[in-house]
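Here's a walk through one protein model, aimed at someone who'd rather be at the bench. Have the viewer open and follow along.

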Amino acid sequence: MTIKGTVTLCVLFQAVLLFSKPDATVSQVNIPEPKVPTRPYAGVSLRKRLSNSGIPQLRFTWVPPQSDRPILYYKVEHRSIVPGSSWIRTLVNDTQFVFGNLNVKATYEARVAAVSNVGTGPYGSTYRQTTYNVPVRVAYIEVARFTVENSPALFVSWKAPLSDAPIISYEMIYMVHGTNDWKTFSSSINGTAAVIPGLLPGIRYQVRIRAYSVLGNGEYGNSGIVKTFEAPAAIRTPLVSRIVYGGKPGLSVYWAQPESDHPITHYIVEYKEYTSAEWTSQTIDPTKRTAMVYNLKPGTNYNIRVSAVSDLGSGRSSASNKRTFRVPGRISEAATTPYLSNDKPGFHLIFIPPQSDLLILRYNIRYTLRGVNLWSMKTSTSPSVYLENLLPGNTHEIQINAESVIGSGNTYTFYQTTAKVPARPGGLVVLPTAEGGSSELRMFWDSPASDYPVRYYIVDYKSYTSIEWTSLSLVERFCVLSDLLPGTRYNVRVKAVSVIGSGDETPSTETTYKVPYTVRDLTTSGLLYNSKPAIKVTWSPPYSDVAIQYYTVKYRSVALGDLNWTTVAPTPSTDTLIQDLQPGTRYDVIVKTSSIVGEGDYSSTRSQETYRVPNRMYPNVQRELISSNNWRIHIFWNQPQTDSAILHYEMQYKVLKDDQWRRLTFQPLTFHTTIHSRVPLLNTIRIRAASILGPGLGLWED
């Protein structure tokens, strides 16, 4: 039955008693008022426990108290004893209750009161209980030095601490003493011992351990400070001496055996240049305490140190400083004397030997043109040497160094100029001429400056568009270039040659005399010459660098489709006459000019038509009947167009039914004639004019 159902039943029962009629025979009885439940005190307990998930809990139990009425439910309250905590109330039907989700190692208070339909009874006594705690601090931690795979390690063991709940695992951390930089070794150690490998040799470490249960972790327990096994002690500063091996500088190193906790496995010899940060090393057998360092740089300071290596590390010595043998010094001064050999300039080179730690084996000389990386080599055992076959007039870079068994010293460099070839010829003048009957160029120049006498000159020339030069050798300082192309631009150059070579060219450019241009103002006109059609051609002389020798005139017929030109006899004058042409025919005329340097181009074509014969004539015929079978036929005509005088008119006609032509001739000023005929019609009438050029146009029967 629920709390609500119980209260309802009690109320109904009281109502029945209140409203029932009293029996007259029943006497009045005094019923005492019911009381609230008493304080629960019997069988009360508050015990700690863990949930299945490891959460701290408290189990509260009690015995039902006395009550006049049935107990409906209980009011259960609990709180933390932390000041300021409030009671937390829970209504329950049972005589027990479990407080969950409590804090670890926390003290709580609990009380309970019963509730009936009369009311709530007083709370029972307050009970206190503390929840389960995490493990306590780990104690009795022992740390021993150990090695794992030739590396320092620590063996750590401890005693399990007290814990309300079973310990699940341990967490171990460690640090280098004095750094406060703790590192976690493991968070899941199952036993009470572990080995920390991979530690640094000779380093002081401290270890901490704490235990884990289902309730959480306990506090760290601290170990003492333990120093790991040490590497071999540092080697005292080694002794170093200079040597030469294989033609290279080297150093010999000796050291004393250091103290070591473990056997020395080998030695490491390291060396580097004094100014370098990178060391080079070599491994030495542990039975030896000496080594040699080869192939070092000459005259260089080196730092050398030696380390003894055991399973636990190495002990390093302080560095020794030693300078290797030096190469010969730099030559301080050199001098040259010029001389000629096989017509080639050269030098006699003399220099002062430099200082050297070792014997100088030879001197190395190399030389080249200044700024050109193409060197010639020469060696000498004495400080005197000849440099031959050098380029004249050039500055040479000369380098000298001394070489000993361990290498060459710094290079002494200086510059010296050989004797010069002739300079460029000056005052070059180039003039076009045509005195030799062809296009020419005349050249003149001055003698150039030269360290040696000029033997001859070389003149090169080519047309501007050509790539091949034509060369001439001359002793004189002038030259005539003949048989050149007229009107062509030529590149010319001249250079002088002495015993040691040729100098630079002096270039120039000039254009030869041009062939004449085409004639100007070309005109043509038709005329009669010896009663024949002719064309007169006139023109103006063209522009020309030289005198005109003659003109050539050509012509051809246009109407006849003649593709071949006919040439008129050359003439020195500026006009000519083309004779014996066809009348009324159009001719093309061209003219070109010839000079001493060549022929010019033909002019543009000039077209001209010759004098024509008279045009075709069309007579006007009128008929007049005079009498029977007697007709008078009048024939009229007009003077036709013609370029020459008309000599006479000719007429042809036929009578009907008569195939015979009849001919009449008339004076040039006659324009009418009359023919008498018995027939009214003439079959055909033809008329034409005849001029000095021949009969006119029209149909005609000879």
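## Salt bridges first

At 48% relative accessibility, Arg89 counts as partly exposed (buried means under 20% relative accessible area, exposed over 50%, and partly exposed in between, with a 1.4 Å probe and protein chains only). Before going on, a word on the source: this is a predicted model, where local features need pLDDT of at least 70, side-chain atom pairs count only at pLDDT 80 or more, and totals for chains, interfaces and linings use all residues. Residues are numbered from 1 along each chain as its sequence is written, and side-chain values use heavy atoms, with hydrogens and water left out.

Back to Arg89. What does its side chain meet in a salt bridge? The partner is Glu77, at 2.9 Å from N to O. A salt bridge here is a side-chain nitrogen of Lys or Arg within 4 Å of a carboxyl oxygen of Asp or Glu, and by this rule the count comes to 18 salt bridges. The Glu77 and Arg89 pair links distant parts of the chain, with Glu77 in strand β3 (residues 71–80), Arg89 in strand β4 (residues 88–92), and their positions 12 residues apart in sequence. Helices (H or I, at least four residues) and strands (E, at least two) are DSSP runs, numbered from the N terminus. Glu77 counts as buried because its relative accessibility is 5%.

Strand β3 also holds Arg79, whose partner Glu109 sits in strand β6 (residues 107–116), 30 residues apart from it. The closest N and O atoms of Arg79 and Glu109 are 2.9 Å apart. Is each partner buried or partly exposed? Arg79 is partly exposed at 25% relative accessibility, whereas Glu109 is buried, with a relative accessible area of 9%.

Further along the chain, Arg586 and Glu609 form a salt bridge with closest N and O atoms 3.6 Å apart. Arg586 lies in strand β45 and Glu609 in strand β47 (residues 606–609), so this pair ties together parts that are 23 residues apart in sequence. Both ends are partly exposed: Arg586 at 36% relative accessibility, and Glu609 with a relative accessible area of 29%. Salt bridges that share partners also join Glu77, Arg89 and Arg111 into one network.

Here are those pairs side by side.

| Pair | N to O distance |
|---|---|
| Glu77 and Arg89 | 2.9 Å |
| Arg79 and Glu109 | 2.9 Å |
| Arg586 and Glu609 | 3.6 Å |

## Two sheets

Now for the strands, which pair if DSSP finds at least two bridges between them. Three of them form an open, antiparallel sheet in the order β1-β2-β5. Its edge strands, each pairing on one side only, are β1 (45–50) and β5 (96–99). On average, neighbouring strands in this sheet are turned by 20° against each other, direction ignored; the axes are lines fitted to C-alpha atoms (for helices, over the stretch in contact), and angles run from 0 to 180 degrees between N-to-C directions. Strand β2 (residues 56–61) pairs with β5 over four bridges in the antiparallel sense, and Arg59 stands opposite Val98 in β5.

The other sheet is an open one of three strands in the order β48-β49-β52, again with antiparallel pairing. At its edges are β48 (620–627) and β52 (672–677), each pairing on one side only. The twist averages 20° from one strand to the next. How many bridges hold β48 and β49 in register? Strand β49 (residues 630–636) and β48 pair over seven bridges, in the antiparallel sense. Arg623 has Ile633 as its bridge partner in β49.

## Single residues to click on

Two aspartates have a positive phi of about 55° although neither is a glycine: Asp521 and Asp580. Asp521 is placed in strand β40 (residues 520–529), while Asp580 lies in the loop between β44 (575–578) and β45 (586–595). Asp521 counts as exposed at 54% relative accessibility, and so does Asp580 at 57%.

Strand β45 is also where you'll find Ser594, which is buried at 1% relative accessibility. Leaving out residues up to four places away in sequence, Ser594 touches Ile548, Gln549, Tyr550 and Glu599 (contact means heavy atoms within 4.5 Å).

Finally, try Ala334 in strand β24 (residues 334–341). Ala334 is buried, with a relative accessible area of 18%. With residues up to four places away again set aside, the contacts of Ala334 include Leu349, Phe351 and Tyr412.
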